[in-house]
Amino acid sequence: MDRLIDGNPPEPNRRLVKMAAYLKGGTAIDFASGLGGNSIYMAELGYDITAVDISEVAINYVQDQAAKRGLNITAKVADLTKERTFLKGHKLDLAVMTYYLDRSLFPLVKQVIKDKGYLFFETFYKHKAEVNGHVSSQYKLESNELLKEFADWKILFFEENEQEGRQTIFCQKTNKL
């Protein structure tokens, strides 16, 4: 909660920022947005953002930041394990999910992203080094799991970082799906 008190919004994910050349605006969703570092960044790039998080405190903060900065962010409190109907019929240019893993969302993510749209996904993964031991294995990806899951997409960036215990993918949905 210190971030709420000091008035500075959280920073966007560094690897997402490195993909800026691909981020041309449109519609986007930030799953499990937290305090909205990624949402604010994407809105500043011209995206019409839907920020979704289970925390009412976080969503209130995102709404406040959006209003103060004049950003086009719709912030929604939702438990993504139960509530997904708000996505039905939507087609998005970009989906972002960082440090949240619910594999049952994979088919929905694939469905809501437009052809030629993008996915940025980063979270913990299982590996031999004892990093992120505080995170349950059920919330960690298997090695190369995102590569396998999105094998029929165009992979623009992929990394498994054992020192940080994270797996990152940035990929584009292709027309052949």
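Visitor: Which residues in α4 are buried?
Guide: This is a predicted model, where local features need pLDDT of at least 70, side-chain atom pairs count only at pLDDT 80 or more, and totals for chains, interfaces and linings use all residues. Residues are numbered from 1 along each chain as its sequence is written, and side-chain values use heavy atoms, leaving out hydrogens and water. Helices here are DSSP runs (H or I, at least four residues), numbered from the N terminus, as are strands (E, at least two). Buried means under 20% relative accessible area and exposed over 50%, with partly exposed in between (1.4 Å probe, protein chains only); in α4 the buried ones are Ala58, Ile59, Tyr61, Val62, Gln65 and Ala66.

Visitor: Within what arc do the buried residues of α4 fall?
Guide: Look down the helix axis and take the directions from that axis to the C-beta atoms. The buried residues line one face of α4, because they fall within an arc of 155 degrees.

Visitor: Which exposed residues does the face turned away from the buried side of α4 carry?
Guide: Swing round to the face of α4 turned away from its buried side. There you'll find Glu56, Ala67 and Lys68.

Visitor: Which element gives the most to the largest nonpolar core?
Guide: A nonpolar core is a set of buried Ala, Val, Leu, Ile, Met, Phe, Trp, Tyr and Cys residues joined through side-chain atoms within 4.5 Å. The largest has 28 residues, and Ile29, Phe31, Leu87, Leu119 and Phe121 touch the most other members. Elements giving two or more residues include β1 (26–31) and β5 (113–124). With four residues, the top giver is α5.
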